[in-house]
Amino acid sequence: MRKPFLLLLTPAAAIIVAAYLLGAYRAGNEQLAQGQRQLQLMAPELQSVLERFETLPFVLAQQPDLTNALARPKDPEAIARLNETLQTIQQQAKVGALYLMDRNGLTLGASNWDQPLGFAGKNFSYRPYFQAALRGDAGRFYGIGTSTSEAGYFIAQPVRRHGEIDGVIAVKISLAELERNWNSSEDPILLADRHGVIFLSNRPNWRYHSLEPLPPSALAELARTQQYIGRDVTPLARNPGPRVTQEVGRLGWQLMIFPSQLRVVRSGINWALATALLLACGGVSYWAMHQRRRRREERLAFDRELESRIAQRTQQLSETNRILRTTQNEMVQAGKLAMLGQMAAGMTHELNQPLAAIRAFADNARTFLERGQPEQAASNLGHIGDASARMGAIISQLKGFARKDEAVGPVDFGRAVRSSAFLLESESKRRNVAMEIDTGAVPVMVAGDTVRIEQVLINLLRNALDAVEGIAQPRVSVVLSREGGDGVARISDSGPGIPQEVAAHLFEPFFTTKPAGKGLGLGLAISSSIVQAMNGRLSARNLDGGGAQFELRLPLIKEGAAP
């Protein structure tokens, strides 16, 4: 009896080992797939943080205080005004620092000019972002500050005076909050640069180490740019294991997750234990059948008791497996809910406007139905459909945030005007403002992006509604026409017009005539940047008969262009 038992023990052990390997393999694949799904949620969030202030240095480069300081670097009054402007904008924008450098890299003014480790007087000509901006390109760089020893993401743009590059404006953004958010994950998460140097991680002892030994050329570049000044970049002591990687940003960064191998081992052990239990049950069953064949007549009662015990053990095993499956399903569901929560947090802000429009149109439709006006109710339902389609466009746009390119193509300018007016129709009625829309009989097709064009139009219309508030006979009109190679939309109002002292600063960032709490003064500056990006132009003037008029020009689609 002992010899057959030993002969069966070897294949049983082999089966248990195979079960462990299979369970670990399946769990490893599932962990990698789950890590990939997690990266697909984390990468857009990181990309959004990097892109949020992408246009800030470009807009600041238009500030007259910057060009005045570059023209008069020895004038204490000009430098003091520059420092005050940069500090105010830095506090409003909530960025790490803003600073202006001349062509030689010398910092003329900074938002932290009054701090012991301020940038004023420091020379940053060796930094790649300064060199890129001096060539006329947007400069981007991540590194440890040589003045503050605090790491940050730098974005720089050239400052032009009389058409020539006369200096560089830079913004420093801290990514520490993003890194702190990763601490809730038990899996190692890191962000590495194009050389493989880890600069953000929820494992502090990994920071400023490389995944692989760096070649001499990479070490020389790090030393030249002082990217990680004060840090001796060495490879990690051991290989972290399987990873999931996704490229983010414009500098070749790699976002990585290393799924926990403890869960893989635990899953393999569970599979091995389950297999061992099944083999044990099979062995006991075999032994019981063997004994029953030999002692069927004299031990029938014992055999029935043994079968009962086997059934009981099988039931316990099934209950254990059911509990394991339930627990696993609950963990998967919790993970899905966490992912949905992160996704919903990113979309809430962008979807508020069409949701408000849907709510207003729904209220109007209910009122029309109560009045027995089904045609008007049907029209409002159609508007709800348009707003829903706009929500779909917003969601599609949010999905594309990780891409560098924008969806530019043929846009029906008249339809964009009408859609924007519909979204503000309830507000205009609430304010008793007469809104007149004339888009003409012939479609005006321009080159651009529908969502961004509507964003500009809604901002201009909302400003017009604000301008006629308190006027005896408030009126806002939009007239669409063709002029040469442009499609032109003119938004006019019957308000008091644009004061002369305001007109010169109308498109400057952070300049506003609205009371505190009603705006930051970024609407027209951002709208102007959007229009310029689509090769268009945004201007304003006062009408002879009173009121103001904003003119939005966008290039027409050339005849024969693909729709």
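A residue counts as buried when its relative accessible area is under 20%, as exposed when that area is over 50%, and as partly exposed in between. Keep this cut-off at hand for the exercises below, which all use a predicted model.

**Exercise 1. An open sheet and its edges**

Work out which strands form the open sheet ordered 7-6-11-10, and which of them sit at the edges.

Solution.
Step 1. Start with the order: four strands line up as 7-6-11-10, and their pairing is antiparallel.
Step 2. Look for strands that pair on one side only: these are strand 7 (198-201) and strand 10 (244-248), the edge strands.
Step 3. Add the geometry: with direction ignored, neighbouring strands of this sheet are turned by 25 degrees against each other on average.
Step 4. Zoom in on one edge. Strand 10 is joined to strand 11 (residues 253-257) by five bridges, and the two run antiparallel. At one of these positions, Val248 has Trp253 of strand 11 as its bridge partner.

**Exercise 2. Rings around Trp253**

Trp253 forms an aromatic pair with Tyr142. Find the geometry of this pair, then decide whether each ring residue is buried or exposed.

Solution.
Step 1. Begin with the total: the structure holds 12 aromatic pairs.
Step 2. Take Tyr142 and Trp253. Their ring centres are 5.9 Å apart and their planes stand at 90 degrees, an edge-to-face arrangement. The pair links distant parts of the chain, with Tyr142 in strand 3 (residues 139-144) and Trp253 in strand 11, 111 residues apart.
Step 3. Apply the cut-off of 20%. Tyr142 counts as buried because its relative accessibility is 4%. Trp253 counts as buried too, because its value is 3%.
Step 4. Now turn to Tyr153, which also pairs edge-to-face with Trp253, at 5.5 Å centre to centre and 70 degrees between the planes. This pair again connects distant parts of the chain: Tyr153 belongs to strand 4 (residues 151-161), Trp253 to strand 11, and 100 residues separate them. Both Tyr153 and Trp253 are buried.
Step 5. Put the rings together: ring pairs link Tyr142, Tyr153, Phe199 and Trp253 into a cluster.

**Exercise 3. Strand 5 and its partners**

Strand 5 covers residues 164-173. Determine how many of its residues are buried, and how many bridges it shares with strand 1 and with strand 4.

Solution.
Step 1. Count the covered positions: nine of the 10 residues in strand 5 are buried.
Step 2. Take strand 1 (residues 97-102), which pairs with strand 5 in the antiparallel sense over six bridges. Here Met101 stands opposite Val168.
Step 3. Take strand 4, which pairs with strand 5 over nine bridges, again in the antiparallel sense. Here Phe154 stands opposite Lys172.
Step 4. Check the connection: strands 4 and 5 form a hairpin with two residues between them, and His162 in the turn has a positive phi of about 60 degrees.

**Exercise 4. The cavity beside Phe154**

Phe154 is among the residues that line the largest cavity. Find how much space that cavity holds, and which residue lies over the face of the Phe154 ring.

Solution.
Step 1. Count cavities of 30 Å³ or more: there is one.
Step 2. Read its volume: the largest cavity holds about 60 Å³ of space.
Step 3. List the lining: Tyr99, Phe119, Phe124, Arg127, Tyr129, Gly145, Thr146, Ser147, Phe154 and Lys172.
Step 4. Pick out a contact within that list. Arg127 lies over the face of Phe154, 6.0 Å from the ring centre.

**Exercise 5. Three residues to classify**

Classify Asp544, Pro215 and Ala288 as buried, partly exposed or exposed, and place each one in the chain.

Solution.
Step 1. Asp544 sits in the loop between strand 17 (537-542) and strand 18 (548-555). Its relative accessibility is 83%, so Asp544 counts as exposed. Its C-alpha atom is 9.9 Å from that of Gly497, 47 residues away along the chain.
Step 2. Pro215 is found in the loop between strand 8 (209-210) and helix 7 (216-225). At 43%, Pro215 therefore counts as partly exposed. From Pro215 to His195 the C-alpha distance is 9.1 Å, with their positions 20 residues apart in sequence.
Step 3. Ala288 lies in helix 8 (residues 261-294). With a relative accessibility of 10%, Ala288 counts as buried.

Terms used. Residues numbered from 1 in each chain as written. Predicted model: local features only at pLDDT ≥ 70, side-chain atom pairs only at ≥ 80, totals over all residues. Heavy atoms only, no water. Pairing = 2+ DSSP bridges. Axes fitted to C-alpha atoms, helices over the stretch in contact; angles between N-to-C directions. Phe/Tyr/Trp six-rings, centres within 6.5 Å; stacked < 30°, edge-to-face > 60°. Buried < 20%, exposed > 50% of the residue type's maximum accessible area, 1.4 Å probe, protein only. Lys NZ or Arg CZ within 6 Å of the ring centre and 35° of its normal. 1 Å grid on protein atoms, 1.4 Å probe; cavity = no way out; pocket = protein on both sides within 12 Å on 5 of 7 lines; lining within 4 Å. Points joined across faces, edges and corners; volume = space filled by probe spheres on them.
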